[in-house]
Amino acid sequence: QVQLVESGGGLVQAGGSLRLSCAASGRTFSRYAMGWFRQAPGKERELVASISWSGGSTYYADSVAGRFTISRDNAKNTVYLQMNSLKPEDTAIYCCAADTDRTVVSSPRYWGQGTQVTVSS
């Protein structure tokens with residue numbers, strides 16, 4: 001069983017930055033690929049970024065590539081999402097998720113509760 005707790009969300013002006021953190025419980029964190037999803041009101045949930053168990057492979061949605069960076073620290077059981085040059089369309093609830101696959105995030109087994117990110121224009 002893995003529990004995920006996100007932090008770092010908040011209100012920021014367009015062009016600003018936020019860093020999200022996702023702390024995981026359990027000893028198996030380093031075995032899982034991790035991902036950040038977001039869901040805005042009235043929109044489907046989308047995978048924003050993911051990272052393999054070792055951190056050697058990453059994926060970014062086209063909408064955030066070049067602005068967001070995902071990273072992980074397996075010693076601290078934590079995955080991060082650095083978000084720069086934020087836009088109002090980045091406003092959403094951001095959730096982290098763990099997939100038992102080591103490389104890709106396709107069907108996450110574990111989910112966090114989410115953290116709200118609001119970008120004002």
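Here is a short chat about the sheet and the cores of this predicted model.

Colleague: What is the strand order in the open sheet of 4 strands?

Modeller: The pairing in this sheet is antiparallel. Two of its links can be spelled out: β1 and β3 pair over 4 bridges, while 6 bridges join β3 to β8. Read across, the order is β1-β3-β8-β7.

Colleague: Which strands stand at the edges?

Modeller: Look for strands with a single partner, since one side of such a strand is left without a neighbour in the sheet. That applies to β1 (4-7) and β7.

Colleague: Which residue is the bridge partner of serine 7?

Modeller: β1 and β3 run antiparallel to each other, so to speak head to tail, and the partner sits in β3. It's serine 21.

Colleague: Which residues make up the covered face of β1?

Modeller: In a regular strand, side chains alternate between the two faces of the sheet. In β1, Val5 and Ser7 lie on the uncovered face. The covered one has Leu4 and Glu6.

Colleague: How many residues does the largest nonpolar core have?

Modeller: Leu4 is among those with the most contacts inside this core, along with Met34, Trp36, Leu81, Met83 and Tyr94. Elements giving two or more residues to the core include β3 (18-24), β8 (78-83) and β9 (92-99). The core has 30 residues.

Colleague: And how many residues are in the other core, the one with Leu47?

Modeller: That core lies apart from the largest one. Phe37, Ala97 and Val105 are also among its members. The count is 5 residues.

Methods:
Residues numbered from 1 in each chain as written. Predicted model: local features only at pLDDT ≥ 70, side-chain atom pairs only at ≥ 80, totals over all residues. Heavy atoms only, no water. Core = buried A, V, L, I, M, F, W, Y, C linked by side-chain atoms within 4.5 Å. Buried < 20%, exposed > 50% of the residue type's maximum accessible area, 1.4 Å probe, protein only. Pairing = 2+ DSSP bridges.
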